[in-house]
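Let's read a structure together, one feature at a time. Bring your questions, and we will go from the general idea to the case at hand.

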Amino acid sequence: MDTITVDGVTYNEIEFRQYKNAHDNTATMKELLNGVRYKVRDFFSELEWQDGQATVTKSEVNELLESIGCDALRSTFRATVNITAYVMDYEAANEDDATICIADDISLDIGTGTIEISNLEVDEVEDEN
């Protein structure tokens with residue numbers, strides 16, 4: 001097997017490939033880091049500074065973050081949602097019980113947010129039999 005000597009260290013072919021890959025990866029990371037440094041520096045140098053302070057919007061920060069490969073800052077949102085639901089095969093003793101129980105049993109899940117039901121009306125309860 002061939003050997004290669006670099007800076008007084010002798011490597012076999014496999015070791016040299018590992019050395020070269022590590023060296024190439026380090027060089028690539030340095031290039032990426034320098035690119036990030038310049039983008040961040042340019043971002044701040046282009047701001048309008050007054051008395052050592054500048055105002056930056058969230059969208060401007062998100063543009064910078066995305067340009068350097070980072071996830072954007074997230075926001076929380078509020079919405080009013082109208083839902084029409086049809087409940088079938090719900091067992092109850094009578095229409096009044098069905099109306100009350102259906103209203104009590106309905107729940108919503110959104111996963112990451114919070115849902116507050118401010119108005120829930122049960123209309124048109126009919127006997128299916």
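What follows is a short dialogue between a learner and a teacher about this predicted model.

Q: Let's begin with the helices. At roughly what angle do the axes of helix H1 and helix H2 cross?

A: The general idea is to compare the N-to-C directions of the two axes. Here H1 covers residues 13-45 and H2 covers residues 58-67; their axes come within 10 Å and cross at roughly 165°. Angles over 145 degrees count as roughly antiparallel, so H1 is roughly antiparallel to H2.

Q: And is the crossing of H1 and H2 left-handed or right-handed?

A: The crossing of these two helices, H1 and H2, is right-handed.

Q: Thanks! How many salt bridges does the count come to?

A: The idea is to look for a side-chain nitrogen of Lys or Arg within 4 Å of a carboxyl oxygen of Asp or Glu. By this rule there is one salt bridge. It joins the side chains of Arg-41 and Asp-42, at 3.0 Å from N to O. Asp-42 has a relative accessible area of 33%, so Asp-42 is classed as partly exposed.

Q: Now the backbone. Which residue in the loop between H1 and H2 has a positive phi although it is not a glycine?

A: As background, most residues other than glycine have a negative phi. In the loop between H1 and H2 you will find Asp-51, and its phi is positive, about 55°. Asp-51 is also exposed, at 82% relative accessibility.

Q: What about Glu-124: where does it lie, and what is its phi?

A: Glu-124 lies in the segment after H3. Its phi is about 55°, a positive value for a residue that is not a glycine. With 70% relative accessibility, Glu-124 counts as exposed.

Q: Let's turn to the surface. Which residues make the nonpolar surface patch of about 830 Å²?

A: To read such a patch, look for nonpolar side chains with over 30% relative accessible area, joined within 5 Å. This patch of about 830 Å² is made by Val-81, Ile-83, Val-87, Tyr-90, Ile-106, Leu-108, Ile-110, Ile-115, Ile-117 and Leu-120. Take Ile-110 as one of its members. Ile-110 sits in the segment after helix H3, which covers residues 95-105, and Ile-110 is exposed, with a relative accessible area of 57%.

Q: How do I compare separation in sequence with separation in space? How far apart are Asn-129 and Asp-89?

A: Put the two numbers side by side for each pair. Asn-129 and Asp-89 are 40 residues apart in sequence and 10.0 Å apart in space, C-alpha to C-alpha. Asn-129 belongs to the segment after H3 and is exposed, at 90% relative accessibility.

Q: And what is the distance in space between Ile-14 and Tyr-86?

A: From C-alpha to C-alpha, Ile-14 and Tyr-86 are 67 Å apart, with a sequence separation of 72 residues. Ile-14 is in helix H1, and its relative accessibility of 48% makes Ile-14 partly exposed.

Q: One last pair, please. How far apart in space are Val-40 and Thr-114?

A: These two, Val-40 and Thr-114, are 36 Å apart between C-alpha atoms and 74 residues apart in sequence. Val-40 lies in helix H1, where Val-40 is partly exposed, with a relative accessible area of 27%.

Definitions and conventions: Residues are numbered from 1 along each chain as its sequence is written. This is a predicted model: local features need pLDDT of at least 70, side-chain atom pairs count only at pLDDT 80 or more; totals for chains, interfaces and linings use all residues. Side-chain values use heavy atoms; hydrogens and water are left out. Patches are made of residues with over 30% relative accessible area and no salt bridge: like charges are joined within 9 Å, nonpolar side chains (Val, Leu, Ile, Met, Phe, Trp, Tyr) within 5 Å. Accessible areas come from the Shrake-Rupley method with a 1.4 Å probe; for residues, only the protein chains shown count as cover. Helices (H or I, at least four residues) and strands (E, at least two) are DSSP runs, numbered from the N terminus. Buried means under 20% relative accessible area, exposed over 50%, partly exposed in between (1.4 Å probe, protein chains only). Axes are lines fitted to C-alpha atoms, for helices over the stretch in contact, and angles run from 0 to 180 degrees between N-to-C directions. Angles under 35 degrees count as roughly parallel, over 145 as roughly antiparallel, 65 to 115 as roughly perpendicular and the rest as oblique. A crossing is left-handed if the near helix is turned anticlockwise from the far one by less than a right angle, and right-handed if clockwise.
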